[in-house]
Amino acid sequence: MIYLDNGATSFHKPPQVHRAVAEAMRRCANPGRGGYRASIEASRQVYQCREEAGKLFGCAPDQVVLTHNCTHGLNLAIRTLIRPGDKVAISGFEHNAVTRPLNALGANLMICGRRLFDPQDTLERFQKALDAGVKAVVCTHVSNVFGYILPIGSISRLCRERGVPMIIDAAQSAGALPIDLAELGAAFIAMPGHKGLLGPQGTGLLLCGTTPEPLLFGGTGSESIRQQMPDFLPDRTEAGTLNVPGIAGLAQGLRYLRHTGIATIAHRERREAKRAAEGLRRLGFQVFSGEAQLGTVSFLPNMDCEEAAQRLADRGIAVRAGLHCAPLAHESAGTLSTGTVRISFGHDSHPTQTQALLQAAAALP
Ligand code: PLP
């Protein structure tokens with residue numbers, strides 16, 4: 001199988017990730033719950049993951065909250081900063097992991113920037129919303145449908161100048177684009193552990209520039225005498241037993257990224273996305289591409305998207321079709337009624353994958 005669905009989750013993880021998960025299952029008990037070797041080893045694995053994340057994302061280990069996925073981190077962040085009726089600026093490319101929690105809260109959404117691959121327009125729209133007064137900004141770094149890289153650094157600067165807290169959804173950028181919590185000055189940056197960070201499913205990170213409010217309440221192994229959650233991070237938002245095998249695997253994914261260099265990964269992804277876009281366009285399909293694009297490309301086949309993806313799957317190419325949990329992005333791009341077929345490259349992107357994709361796509365009507 002040629003795996004081109006890294007936007008959903010990374011599938012080919014480095015072997016050290018597999019090994020770390022199996023090792024943790026053999027050697028780790030519950031972290032922070034005892035002074036015996038297996039509990040101490042679990043604590044060590046968990047701390048190592050926070051430390052690796054801190055090195056990659058410009059923050060201290062205790063600013064790294066371990067979550068179940070990116071959605072979990074976004075819910076923590078949104079529930080901390082936003083109250084019913086608050087005006088919140090979001091981009092026109094948000095995932096349901098942002099829009100559903102905001103809608104569930106009854107936030108008043110201002111949609112900023114619906115033009116694909118136009119960072120200047122996106123920035124100007126956010127500036128207008130901020131000038132009109134908003135309680136918070138929630139913005140994706142990279143669109144999961146189109147690979148559009150939003151001008152997150154400039155938007156965060158506008159937020160800092162006005163003292164407006166910002167939540168960044170780094171689901172599609174973490175592991176490929178530089179992200180520095182201190183430099184961005186964001187209130188929160190949420191990311192999955194299982195996509196570009198190459199960890200197992202069931203892992204995620206919330207980088208905290210401010211202290212989040214708990215979503216779950218329960219045991220933490222600390223301050224057990226109190227009936228309130230601890231005030232300090234990360235315990236405040238990590239109730240219950242952690243996913244230690246997953247976290248141990250994620251630590252190895254992070255370490256692999258640090259050694260490989262995320263710039264190398266971004267270069268591979270962008271190179272193959274560009275080749276795929278050019279090739280698909282030559283085959284006569286409508287392709288969504290632009291300068292500000294990472295490793296994800298959407299296209300419109302001359303047939304139903306789901307059926308086209310199935311035909312590609314029958315030829316050994318794994319891609320995703322439909323709305324990709326991001327109806328807002330499709331509304332912005334004018335593809336809400338059709339969806340798109342999405343190709344998303346990953347850390348092991350290679351020209352042979354693109355060649356195989358284009359060969360299979362050539363057989364579509
Ligand atoms: N945000 C974006 C932009 C995504 O692409 C995704 C997943 O595809 C999410 C959030 C949610 O991530 P998770 O499935 O880890 O909760």
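Select residues 37-57 to begin: this is helix H2, with 21 residues. From its first C-alpha to its last, helix H2 reaches 30 Å, close to the 30 Å expected at 1.5 Å a residue. The model on display is a predicted one. With the helix still in view, a general point may be kept in mind: an α-helix has 3.6 residues a turn, so residues three or four places apart point the same way. Now move on to Gly-58, just after H2, where phi is positive at about 60°.

**The sheet**

Next, colour the strands. Seven of them, in the order E2-E8-E7-E6-E5-E3-E4, form an open sheet with mixed pairing. Select 64-67 and then 108-112 to find the edge strands, E2 and E4, each of which pairs on one side only. Neighbouring strands of this sheet are turned against each other by 20° on average, direction ignored.

Within the sheet, select residues 87-91 together with residues 136-140. These are strand E3 and strand E5, which pair in the parallel sense over 3 bridges. Show Val-88 as sticks; opposite this residue stands Ala-136 in E5.

**Two unusual places in loops**

Before the next two selections, recall that most residues other than glycine have a negative phi, and most peptide bonds are trans. Select Leu-198, in the loop between strand E7 (188-192) and strand E8. Leu-198 is not a glycine, yet its phi is positive, at about 70°.

Follow the chain past strand E8 (204-208) to the loop that leads to helix H8 (244-260), where Pro-234 lies. Select Leu-233 as well: the peptide bond from Leu-233 to Pro-234 is cis, with omega near 0°.

**The largest pocket**

Now display the surface. Which residues lie closest to the centre of the largest pocket? Select Thr-71, His-95, Ala-97, Ala-171 and Lys-195, which hold that position among the 22 lining residues. The volume of this pocket is about 300 Å³.

Add helix H3 (70-81) and helix H4 (96-105) to the selection, since each supplies at least two residues of the lining. The largest share, 3 residues, comes from H3. By class, the lining has 8 nonpolar, 10 polar and 4 charged residues.

Why does the largest pocket lie between domain 1 and domain 2? Colour domain 1 (2-11 + 261-361) and domain 2 (15-260) separately; both give residues to the lining of the largest pocket, so the pocket lies between them.

**The second largest pocket**

Select Pro-31, Gly-32, Arg-50, Asp-235 and Leu-242 to arrive at the second largest pocket, as these residues lie nearest its centre. Its lining consists of 14 residues, and the space inside is about 260 Å³. The lining comprises 5 nonpolar, 5 polar and 4 charged residues.

**The cavity**

The last stop is a cavity. How many cavities of 30 Å³ or more does the structure hold? There is 1, and its volume is about 210 Å³. To locate this cavity, select Asn-6, Gln-172, Gly-196, Glu-269 and Phe-345, the closest to its centre of the 22 residues that line it. The lining divides into 8 nonpolar, 12 polar and 2 charged residues. Keep the domain colours on: domain 1 (2-11 + 261-361) and domain 2 (15-260) both give residues to the lining of the largest cavity, so this cavity lies between them.

Key:
Residues are numbered from 1 along each chain as its sequence is written. This is a predicted model: local features need pLDDT of at least 70, side-chain atom pairs count only at pLDDT 80 or more; totals for chains, interfaces and linings use all residues. Side-chain values use heavy atoms; hydrogens and water are left out. Two strands pair if DSSP finds at least two bridges between them. Helices (H or I, at least four residues) and strands (E, at least two) are DSSP runs, numbered from the N terminus. Axes are lines fitted to C-alpha atoms, for helices over the stretch in contact, and angles run from 0 to 180 degrees between N-to-C directions. The expected span of a helix is 1.5 Å times one less than its number of residues. On a 1 Å grid over the protein atoms alone, a cavity is a set of points where a 1.4 Å probe fits but cannot get out, and a pocket is an open set with protein on both sides within 12 Å along at least five of seven lines; lining residues have an atom within 4 Å of a point. Grid points are joined across faces, edges and corners, and a volume is the space filled by probe spheres set on the points. Ala, Val, Leu, Ile, Met, Phe, Trp, Tyr, Cys and Pro count as nonpolar, Asp, Glu, Lys and Arg as charged, and the others, Gly among them, as polar. Domain bounds come from an automatic or database domain assignment.
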